[in-house]
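Open the structure in your viewer and keep the selection box handy. This tour goes stop by stop.

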Amino acid sequence: MSCYFGLYFGNTNMCLAMHKDSQTEVLANAAGYRVTPSVIAFLDDSEKVVGLDAKQAMLRNPANGITNIKDLVCTSDIEAELENMEIKPKVNGKKNSKIESEKNGCISQYKTTDFLSILFKTMKEIACSHSHEDVYPAVVAVPLQFTQDQRELVGRAVTEAGFQLLRIVNEPSAAAYAYNIGQESYDTSSKCLVFRMGGTSLDVTVLQIANGMYSILSSVQKKDFGGHLVTSCISNFCASEFKRQYKVDITENKRSVMKLRVAAEHYKHVVHGSTNERCQVESLYDGIDLNVNISKARFDSLVHNTLLQCLDPIEEALKSASLSKSDINTVILSGGSCKIPKLQQLISNTFPTSTVLSSIVPDEVVAVGAAKQATLISYDEDDVDCFINLLSQDLFMKLLGFSDSPEELLLCCKGTLIPTVITQSFSVKESTNLKVEIYEGNSEDRDASKTLLAGLNMPNIPVGEIFFSFHIRSDGSVFVTCKDCASKELGSATVVPPHSPSCT
């Protein structure tokens, strides 16, 4: 297998990425777009369409369209969820219920799994148009809040669509992996905030990255807060302008409202990338066209208050993780709404000392990360040798000049998985010269001699707390740093054992 795929599906759009020949690219659909609307519309004679065609079909007959499929997966009351949608298909039952679509007097029933399968089959068709493989291995990304049952439901749909499911991963982890956060050097530890604002929801997740591993420190989700609110700001302004010009209120006409929202959503996506600053709709109401000029500055003004509310979940997530803004090293923007320059500016201002990453298109970043992960877990274990690096000897340190009778301190035990990081702190009551000696040996045999690996001289250590950090690398070498309470580095060195690497 030479191609590996990453799948992402949201309430608004879905995206497919492919990793091939050490390159990851997002695959375009038949219309040339790199993201496909997550919309299904049922036509006459049992025909169904997906994507852009489905959005157009909903303008003519919204009653047989399905949107917000991701919310259908994670809700236990599907009927209540459908009541919040612009389209309301008939519902039979509640939990894991079937949705009925009536065509020419014939009723067809669909489960949530069926809708997912339809979406993933569309992705499979896109994959087949770009590559001709016997097997299509894939990793699919799902929200962090999905339960095990919901993940299994998604997994079944992916398999039914024709993909070989390798793993289901969390969306924040996939976004971080798209940028190789923590993967280029296992000797670093950092904190990363993933800000995802999609079409209908907002998530803020704080990750701890250490030794190439991702840990969730906190996560905050705000449902019903997403790009649809930005669309509403534009459509409400256009509706008021239309009423001012023609003395007609279109808010009572569902067809006109839907046509206006489609135009407002299109304007939202293109206003900052083109010279056209007009929101236009042909025959919006009673044969009257809409043609409203909205400059980029006016757009920013209309959505400013809405975007400011996006910052509240950030504060909530940081508080839950007991962190401050200065503790965040990297911020990753994910979700289609993060393409709005005004939102990017607000987030950059919120984290002035952090690196804000948006070089990968935000609504594609999760799919890219999932495709990269697929390459790591796609190898057959029978075909490759698997090695785990373990520390082969106990590691000790001795601090000379700190007390009259220095004692050996066990830093790391034999058999510890490496790479790893150990930290130690000491209190210095008066300025002095210190010497740090690092040994390896066997802690179980006290009579056995220990091998001195290195002695590090550190003159003029100031009064106060000092912190030692020992980064034990995969090759057995140890990178030692010493800092004072003001985070000023007092010294550093790399200790390389005189024999073969201390790992097995």
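Start with Asp363. Keep in mind that this is a predicted model. Select the Asp363 side chain together with that of Lys339: the two make a polar contact at 3.1 Å. Now zoom out a little. Asp363 sits in the loop between strand S19 (355-357) and helix H12 (365-377). Is this loop residue buried or exposed? Asp363 has a relative accessibility of 13%. The cut-off for buried is under 20%, so Asp363 counts as buried.

Next, show what surrounds Asp363. Leave out residues up to four places away in sequence. Asp363 then touches Cys15, Val35, Gly335, Gly336 and Lys339. Lys339 is the polar partner you have just selected.

**Second stop: a buried leucine**

Select residues 112-130, which form helix H4. Pick out Leu116 within helix H4. Its relative accessible area is 0%, so Leu116 is buried. Which residues are in contact with Leu116, leaving aside neighbours within four places in sequence? They are Phe9, Ile69, Val73, Leu153, Val154 and Ala157. Color them and look at how they are placed around Leu116.

Add Leu72 to the selection. Leu72 and Leu116 are 44 residues apart along the chain. Draw a distance line between their C-alpha atoms, and the separation is 9.8 Å.

**Third stop: the cavities**

How many cavities of 30 Å³ or more are there? The count comes to three. The largest cavity has a volume of about 90 Å³. To find it, select Glu171, Pro172, Arg196, Asp203 and Thr205. Of the 13 residues that line the largest cavity, these are the closest to its centre.

Now show the elements around it. Helix H6 (171-178), strand S13 (189-197) and strand S14 (201-210) each give two or more residues to the lining of the largest cavity. H6 gives the most, with three residues. Try coloring the lining by class. You will find six nonpolar, four polar and three charged residues.

**Fourth stop: a hairpin**

Select strand S25 (residues 464-472) and strand S26 (residues 478-484). The two strands run antiparallel, and seven bridges join them. For a pair to look at, take Phe470 and Val480. Phe470 stands opposite Val480, which is in S26.

Follow the chain from one strand to the other. The hairpin has five residues between its strands. Stop at Gly476, which takes a positive phi near 95°.

Then turn to S26 alone. Why is S26 described as largely enclosed by the rest of the structure? Five of its seven residues are buried, so the description fits. Look along the strand as you rotate. In a regular strand the side chains alternate between the two faces of the sheet.

**Last stop: two exposed loop residues**

Select Ser22, in the loop between strand S2 (13-20) and strand S3 (23-26). Ser22 is not a glycine, although it has a positive phi of about 65°. Is Ser22 buried or exposed? With 65% relative accessibility, Ser22 counts as exposed.

Finish at Asp224. Asp224 lies in the loop between strand S15 (213-223) and helix H7 (227-246). Its phi is near 60°, a positive value in a residue other than glycine. Asp224 has a relative accessibility of 57%, so it counts as exposed.

Technical notes. Residues are numbered from 1 along each chain as its sequence is written. This is a predicted model: local features need pLDDT of at least 70, side-chain atom pairs count only at pLDDT 80 or more; totals for chains, interfaces and linings use all residues. Side-chain values use heavy atoms; hydrogens and water are left out. Helices (H or I, at least four residues) and strands (E, at least two) are DSSP runs, numbered from the N terminus. Buried means under 20% relative accessible area, exposed over 50%, partly exposed in between (1.4 Å probe, protein chains only). A polar contact is a pair of N or O atoms within 3.5 Å; within protein, one must be able to donate a hydrogen and the other to accept it, and residues adjacent in sequence count only if both atoms are side-chain atoms. Contact means heavy atoms within 4.5 Å. On a 1 Å grid over the protein atoms alone, a cavity is a set of points where a 1.4 Å probe fits but cannot get out, and a pocket is an open set with protein on both sides within 12 Å along at least five of seven lines; lining residues have an atom within 4 Å of a point. Grid points are joined across faces, edges and corners, and a volume is the space filled by probe spheres set on the points. Ala, Val, Leu, Ile, Met, Phe, Trp, Tyr, Cys and Pro count as nonpolar, Asp, Glu, Lys and Arg as charged, and the others, Gly among them, as polar. Two strands pair if DSSP finds at least two bridges between them.
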